[in-house]
Amino acid sequence: MDDTRYMQRALELARRAEGSVSPRPPVGAVIVADDGEVLGEGYTRRKPGPHAEADALERAGERARGASVYVTLEPCNTKTSKPFACAELLIAAGVRRVVAAVTDPCPDVDGRGFAMLRDAGIDVEIGLQRDAAAAVVEPFAKWIRTDLPFVTLKIAMSLDGKVAAPDGTSHWITGTPAREQVHEMRRRVDAVLVGAGTVEIDDPQLTFRTPGLEGTQPLRVVVDSSGRTRPTSRMFDGDAPSLVVTTEDSVDPGWPEVIRVPRGEGGVDLGAALRELGRRGLCHVLVEAGPSLAGAFAAAKLVDRFVLYVAPKIIGGDAPGAFASGVKTVTEAWNLEIENITRVGDDVRIDARMR
């Protein structure tokens, strides 16, 4: 039996759930007979829908008895709001073998689901496609341990680090393939966050609109400490939920939904803003910020991953750079660890993390 093939399919299913099921983790499951026939597939659904294992078992029915189950995350051993834990469902279904990619980072599970399965006589194997599966649940893992969302900071810039021309225009620095990737990124996160300046200058929609993409539109969040965001901006068009994060002393010009946090250096306390988003069960926030907000997030060390799109263009002059704030000397520079560099059409994508 080709274990890797079935686990890769389970990962594909898990990625369908990204951005749609928080605060649940995105999980995929595949049930396979000994002769290789796929009996059932499933992935986690938004509450009160089923977990991945329950979804797949429902599709497999009685044929699941004696089968192998490929799942990207350890089956849960706690019922929470469900009638049965996933490990209990697998035991009751009579599966023979469970192949799991990673252990559940939730302290209430963390190996207990595997122990329950083994106690019932089910063969358990752990670690297949571990790195890929860990990447899918990384935002959930951070949220469950810290109550804070995972933060991805995306920036599109020219080869000389400029994010706009001197006249403020920034459409489009990067090409169509890079922009399509950004739409896919929006599909896989819980919220897209920008600053008031971005809304004022670009009036973005902040939704994913590539044909064929399916999922839940992200929450659109604008950080505005001064009440300058117009209620008529496109982010309030009703195509997706919207939220303004502002300070306790700011003016509200009529926004649909507002949360207020303390004022920090230069405006909204970004750490407090992330805590509020975490309280709402948001596990992954994509920051598409202009220079001021990007610099503030980086300086506060609130970024978990940088995604930098670099276009083969030189703007030069007094055009704004990617980060408005920074350090005073080279020895204080933010050191990044580059994880991946890929070509995206004519552009280059760099994935990196703060060391």
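## The loop between H1 and S1

Let's start with Pro 23, which sits in the loop between H1 and S1. In this predicted model, the peptide bond leading from Ser 22 into Pro 23 is cis, with omega near 10 degrees. Most peptide bonds are trans, and most residues other than glycine have a negative phi. Keep that in mind, as a few other spots go against the habit too.

Pro 26 belongs to this loop as well, which runs between helix H1 (3-17) and strand S1 (28-32). Is Pro 26 buried or exposed? Its relative accessibility is 9%, under the 20% cut-off, so Pro 26 counts as buried. Leaving aside residues up to four places away in sequence, Pro 26 touches Ala 14, Ala 17, Glu 18, Val 21, Thr 44, Thr 72, Val 136 and Val 137. Tyr 43 is 17 residues from Pro 26 along the chain, yet their C-alpha atoms are separated by 7.3 Å.

## A cavity and a pocket

Pro 26 also turns up beside an enclosed space. The model has 1 cavity of 30 Å³ or more, and the volume of the largest cavity is about 120 Å³. Its lining is made of 16 residues, and those nearest the centre are Glu 18, Gly 19, Ser 22, Pro 26 and Pro 139. Sorted by character, the lining has 9 nonpolar, 3 polar and 4 charged residues. H5 gives the largest share of this lining, 4 residues.

Now for the second largest pocket, which holds about 480 Å³ of space. It is lined by 21 residues, and Glu 18, Ala 135, Arg 188, Arg 305 and Arg 349 are the closest to its centre. So what is the make-up of this lining: how many residues are nonpolar, polar and charged? The split is 8 nonpolar, 3 polar and 10 charged. At least two lining residues come from each of helix H5 (130-146), helix H6 (176-187), S13, S15 and S16. Here too H5 has the largest share, with 5 residues.

## The nine-stranded sheet

Next comes the sheet. It is open and built from 9 strands, in the order S10-S9-S8-S7-S13-S6-S14-S16-S15, with mixed pairing. Strand S10 (258-261) and strand S15 (336-344) are the edges, each pairing on one side only. From one strand to the next, the twist averages 20 degrees.

Strand S13 (residues 284-287) is a good place to look more closely. In a regular strand, side chains alternate between the two faces of the sheet. In S13, His 284 and Leu 286 point one way while Val 285 and Val 287 point the other, and all are buried. Strand S6 (residues 150-158) runs parallel to S13, joined by 4 bridges, and Val 151 has Val 285 as its bridge partner there. Strand S7 (residues 191-195) is also parallel to S13, over 3 bridges, with Val 192 opposite Leu 286. S7 pairs in the parallel sense with strand S8 (residues 219-223) too, over 5 bridges, and Leu 193 is partnered by Val 221.

## Helices against the sheet

H8 lies across S6, S7, S8, strand S9 (242-247), S10 and S13, and runs at about 135 degrees to S10. H9 packs on the sheet as well, touching S6, S7, S13, S14 and S16, and its direction makes about 115 degrees with that of S7.

Which residues of helix H9 (residues 291-299) are buried? They are Leu 293, Ala 294, Gly 295, Phe 297 and Ala 298. Their cover includes S6, S7, helix H8 (270-279), S13, strand S14 (305-311) and strand S16 (347-354). Just after H9, Lys 301 has a positive phi of about 55 degrees.

## Other unusual backbone spots

A cis peptide bond also joins Lys 47 and Pro 48, with omega about 5 degrees. Pro 48 is in the loop between strand S2 (38-43) and helix H2 (52-60).

Asp 147 is not a glycine, but its phi is positive, about 70 degrees. Asp 147 lies in the loop between H5 and S6. Leu 206 has a positive phi too, near 65 degrees, and is found in the loop between helix H7 (196-202) and S8. With a relative accessible area of 2%, Leu 206 is buried.

Terms used: Residues numbered from 1 in each chain as written. Predicted model: local features only at pLDDT ≥ 70, side-chain atom pairs only at ≥ 80, totals over all residues. Heavy atoms only, no water. Buried < 20%, exposed > 50% of the residue type's maximum accessible area, 1.4 Å probe, protein only. Pairing = 2+ DSSP bridges. Contact = heavy atoms within 4.5 Å. Axes fitted to C-alpha atoms, helices over the stretch in contact; angles between N-to-C directions. 1 Å grid on protein atoms, 1.4 Å probe; cavity = no way out; pocket = protein on both sides within 12 Å on 5 of 7 lines; lining within 4 Å. Points joined across faces, edges and corners; volume = space filled by probe spheres on them. Nonpolar A, V, L, I, M, F, W, Y, C, P; charged D, E, K, R; others polar.
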